[in-house]
Structure formats: C-alpha cells, structure tokens
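Student: Please take a close look at the salt bridges in this model. I would like to know which parts of the chain they join and how accessible the paired residues are.

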Amino acid sequence: MLKFFALFALAAGAWTGAAAAAPPPPSSTQDAALVAEEVERFLLAQASSYPGAAHINVDAPRIAGQAACDHLQPFLPSGQRLRTRMTVGVRCMAPEPWTSYVQADLSIQGYYYVANRNIQSGDVISLDDMSAREGDILRMAGGVVFDPSQAVGYIASQRISAGSPIKSRALRDPNSIQRGQTVRTEARGTGFVATGEGQALQSGAPGAQIQVRSSSGQIVNGTVVNANTVQVIM
C-alpha cells in the first residue's frame with residue numbers, strides 16, 4: 001500500500017510540474033487582411049457622397065503582432081478629406097486597444113463640366129455653355145461644378161475661358177445682392193411692415209446676413225430675400 005501511494009504522489013508531482021512548465025497558449029493576432037477590408041469599406045462609404053465610381057487600393061497593413069480585435073474602427077486623421085493618396089487610421093476598441101495607420105490609393109471617376117466658349121463676366125450660364133468631361137474628380141480643384149444645376153441660370157462673376165472647368169466661386173446666384181447695390185429694406189413686426197431704401201455694404205446670396213446703410217445713415221443687419229430685398233432683423 002505504501003508503495004502504491006508513493007508511486008501515485010510521484011506521478012501527481014510529475015504531472016503538476018509538466019503543467020507548470022507548459023508554455024502559455026499563443027495569443028491570437030490580428031489578421032491584416034481583415035483590417036484592409038475594414039479600411040476599404042470605410043473609404044467606399046466616405047466616397048459615396050461624391051458623384052462617381054470609387055476605386056480603392058489598400059496597402060498591406062503593418063500590424064504584425066497586434067492582438068486580434070473584436071471591434072475595428074477606421075477614421076480619418078485630423079479631419080482629413082478624401083485624396084488620391086491618403087492615410088486611414090484604424091483603432092481597435094476591444095478587447096485590447098491599439099491604433100494603426102494604413103495607406104490607400106483612391107480615385108473617383110465622375111463627370112465635371114467645362115466651358116465650351118469664352119464666358120464673360122455678367123453672362124447668364126445656360127446648358128449650351130458647358131460640356132461634360134470624365135475624370136478623377138479627386139484631382140479636380142475645389143468648387144468644380146459636377147452637376148449642371150449648380151451652374152445653369154447663375155451669372156458669371158468673372159471670365160471663364162473655353163475648356164476651363166467651371167467653378168462655383170466664379171458664379172453668383174441671380175438672386176444675390178452685390179455690394180454697393182441699392183436695395184429695398186423691409187422690416188416686419190407684429191401688425192406692421194415698414195419699407196425703405198438702403199445701400200448694401202456686403203454681397204450675399206439669398207439667406208445670407210449682410211449689412212445695409214439705410215437712407216438715414218444707420219447701419220442695420222438683414223437677411224437677403226432676393227436680388228432686390230433685404231429683410232431687416234428687428
């Protein structure tokens with residue numbers, strides 16, 4: 001009997017020692033392909049607000065050794081906007097937080113509009129004045145017109161050469177007021193409407209707040225209603 005217990009204790013000790021010496025199970029690491037897929041989905045969602053088809057190529061993420069993540073959250077660093085070559089941040093929210101950055105190439109093929117004649121300042125833009133061109137709209141300067149409705153009926157505020165992209169900053173709303181223009185002022189209160197004349201001290205499109213010098217010399221603030229009228233703020 002004593003021999004049996006001695007053998008049992010020896011076996012138990014050997015088992016315990018083996019268990020203590022066994023290395024810990026390897027921790028699971030993050031699959032880089034899943035991070036790349038998450039970044040691609042994120043960029044596709046961001047690009048959906050642009051008028052065109054997005055093409056995205058994500059570089060292999062450098063995340064060797066990062067713990068596997070249950071919740072990946074891509075983001076644009078510092079409010080970065082979409083570019084042809086850009087960095088996307090990826091945060092792991094759980095179980096172990098970490099952050100990595102991934103490079104990606106992006107293009108959005110869409111249509112933009114160019115002048116098909118020399119447009120002079122003061123000309124009213126019609127559909128016949130523009131032609132569609134196809135290209136990567138991320139390579140276009142800011143404010144380029146992507147939709148004819150953004151230009152048709154508007155007035156050129158500067159010369160636009162034939163073949164040049166039409167930009168919104170070169171156009172003004174036909175219902176806008178120009179600085180120095182004589183305007184009709186309108187003040188509304190409970191049970192009364194008072195009208196007068198003044199001079200616009202600022203330019204503004206409908207809905208914009210501008211200053212107007214009234215006929216009495218007083219400077220008042222108002223909201224542009226149309227090409228001739230400013231509603232004075234009471």
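**Salt bridges and their surroundings**

Tutor: R85 has a relative accessibility of 39% and therefore counts as partly exposed; here buried means under 20% relative accessible area, exposed over 50%, and partly exposed in between, with a 1.4 Å probe and protein chains only. This is a predicted model, in which local features need pLDDT of at least 70 and side-chain atom pairs count only at pLDDT 80 or more, while totals for chains, interfaces and linings use all residues. Residues are numbered from 1 along each chain as its sequence is written, and side-chain values use heavy atoms, with hydrogens and water left out.

R85 pairs with D105 in a salt bridge, with 3.1 Å between the closest N and O atoms. A salt bridge is a side-chain nitrogen of Lys or Arg within 4 Å of a carboxyl oxygen of Asp or Glu. Because R85 belongs to strand β3 (residues 85–92) and D105 to strand β4 (residues 98–115), the pair ties together parts that are 20 residues apart in sequence. Strands (E, at least two residues) and helices (H or I, at least four) are DSSP runs, numbered from the N terminus. D105 is partly exposed, at 29% relative accessibility. The pairing extends to D59, since a network of salt bridges links D59, R85 and D105.

The pair R117 and D129 also forms a salt bridge, 2.8 Å from N to O. R117 and D129 both lie in the loop between β4 and β5 (130–136), 12 residues apart, and the pair links distant parts of the chain. Its two ends differ in accessibility: R117 is partly exposed at 30%, whereas D129 is buried at 7%.

A helical case is E38 with R41, whose closest N and O atoms are 2.8 Å apart in a salt bridge. Both residues sit in helix α2 (residues 32–47), 3 residues apart, about one turn of the helix. E38 is partly exposed at 23%, and R41 is partly exposed at 47%.

These pairs are among the 8 salt bridges that a search of the whole structure finds.

As for confidence, the mean pLDDT (the predictor's confidence in each residue, from 0 to 100) of the protein chain is 88, and 88% of its residues reach 70 or more. Residues 4–21 have pLDDT below 50, and beyond near neighbours in sequence this stretch has 0 contacts in the model, a contact being heavy atoms within 4.5 Å. Where pLDDT is low, the predicted coordinates should not be read in detail.
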